[in-house]
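Reader: I'd love a close look at one part of this protein, the helix that sits second along the chain and whatever its side chains meet. Could you walk me through that part and then place it in the wider structure?

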Amino acid sequence: MKNIVGVALVTLLISTFSMAQEDRKIEQAIKHRQAAFTLMATYWSRILQTVEGTRPYDPDAVIIDARKVEYLSRLPWEGFVAGSERGKTKAKDDIWLDEDQFKKLAKDLENKTTQLVKAAELKDPKKLKVAFEQARDVCSACHKEFRKK
């Protein structure tokens, strides 16, 4: 009888430890994607201010910011792991229910941020604005479909 109780206790401890590790992985995934989005928003905001005319147009600074946005646009997706719909997140469950559409929008954002860099490198404010608006439209579409309000 003591052996059965001992085995049960060990099994309980191991499963509790495994669940705690899984919760930690999920929490880290959420933090990863949130950090990537926060950083992207910082540089995105600078470009927005430039496009809106509330920040002086400095083509070299815009190129740097656009390259950062392009790089950061590739980082959040690995943080959308199974189980990470629970926890402190604004992600809708629809991400995992319509994963193909979510992945399509993620890829669209990556492509549009690449186009944003190319437009920034032309040092033409009008072309920058068009590329910025196209990238912003992808962000908006994804937020509308997959982000809690």
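**Helix α2 and its partners**

Author: Let's begin with a pair of side chains: E70 and T114 are joined by a polar contact of 2.8 Å. E70 is found in helix α2, and this is a predicted model, so please read every distance here as computed from it. Setting aside neighbours within four places in sequence, E70 is in contact with T113, T114 and V117. What makes E70 worth a pause is its charge: E70 is buried yet has no salt bridge. The nearest side chain of opposite charge belongs to R74, 4.0 Å away. As general background, side chains of opposite charge can pair when their charged atoms come close.

Two other residues of the same part do have such partners. D65 meets R46 in a salt bridge, with 3.4 Å from N to O. R46 lies in helix α1 (residues 2-52) and D65 in helix α2, so this pair ties together parts that are 19 residues apart in sequence. How covered are the two ends? D65 is buried, with a relative accessible area of 4%, while R46 counts as partly exposed at 30% relative accessibility.

R67 forms a salt bridge with E121, and their closest N and O atoms are 2.8 Å apart. Because E121 lies in helix α4 (residues 99-122) and R67 in helix α2, the pair ties together parts that are 54 residues apart in sequence. Here R67 is partly exposed, with a relative accessible area of 44%, and E121 also counts as partly exposed, at 36% relative accessibility.

So helix α2 has a salt bridge to α1 through D65 and R46, and another to α4 through R67 and E121. A search of the whole structure finds 7 salt bridges. One that stays inside a single helix joins K104 and D108, whose closest N and O atoms are 2.7 Å apart. K104 and D108 both lie in helix α4, 4 residues apart, or about one turn of the helix. K104 is partly exposed, with a relative accessible area of 44%, and D108 is partly exposed as well, at 23%.

Now for the nonpolar side of the story. The largest nonpolar core has 29 residues, and I47, F102, L116 and L128 touch the most other members. The elements that give two or more residues to this core are α1, α2, α4 and α5 (125-146), and the largest share, 8 residues, comes from α4. I47 is a good residue to click on in your viewer: not counting residues up to four places away in sequence, I47 touches D65, A66, V69, L116, L128 and F132. D65 is therefore both a contact of I47 and the salt-bridge partner of R46, with a relative accessible area of 4%.

Moving on along the chain, the loop between α2 (59-72) and α3 (94-97) holds T89. T89 is buried, with a relative accessible area of 12%. The side chains of T89 and R33 are joined by a polar contact of 2.8 Å, and a polar atom of the T89 side chain lies 3.0 Å from the backbone nitrogen of A91. Leaving aside neighbours within four places in sequence, T89 is in contact with I30, R33, Q34, S84 and K148.

One more loop deserves a glance, the one between α4 and α5, where K123 has its place. K123 has a positive phi of about 60° although it is not a glycine. For context, most residues other than glycine have a negative phi. At 42% relative accessibility, K123 counts as partly exposed.

Stepping back, the protein chain has 5 helices and 0 strands, and from the N terminus on its elements run α-α-α-α-α. Of its 149 residues, 31% count as buried. Among contacts with a separation of 6 or more, residues 24 or more positions apart account for 78%. The salt bridge between R67 and E121, 54 residues apart in sequence, links two such distant parts. Finally, the accessible surface of the protein chain comes to about 9800 Å², and 58% of that belongs to carbon and sulfur atoms.

Key. Residues are numbered from 1 along each chain as its sequence is written. This is a predicted model: local features need pLDDT of at least 70, side-chain atom pairs count only at pLDDT 80 or more; totals for chains, interfaces and linings use all residues. Side-chain values use heavy atoms; hydrogens and water are left out. Buried means under 20% relative accessible area, exposed over 50%, partly exposed in between (1.4 Å probe, protein chains only). Contact means heavy atoms within 4.5 Å. Accessible areas come from the Shrake-Rupley method with a 1.4 Å probe; for residues, only the protein chains shown count as cover. A polar contact is a pair of N or O atoms within 3.5 Å; within protein, one must be able to donate a hydrogen and the other to accept it, and residues adjacent in sequence count only if both atoms are side-chain atoms. A nonpolar core is a set of buried Ala, Val, Leu, Ile, Met, Phe, Trp, Tyr and Cys residues joined through side-chain atoms within 4.5 Å. Lys and Arg count as positive and Asp and Glu as negative; His and the chain ends are not counted.
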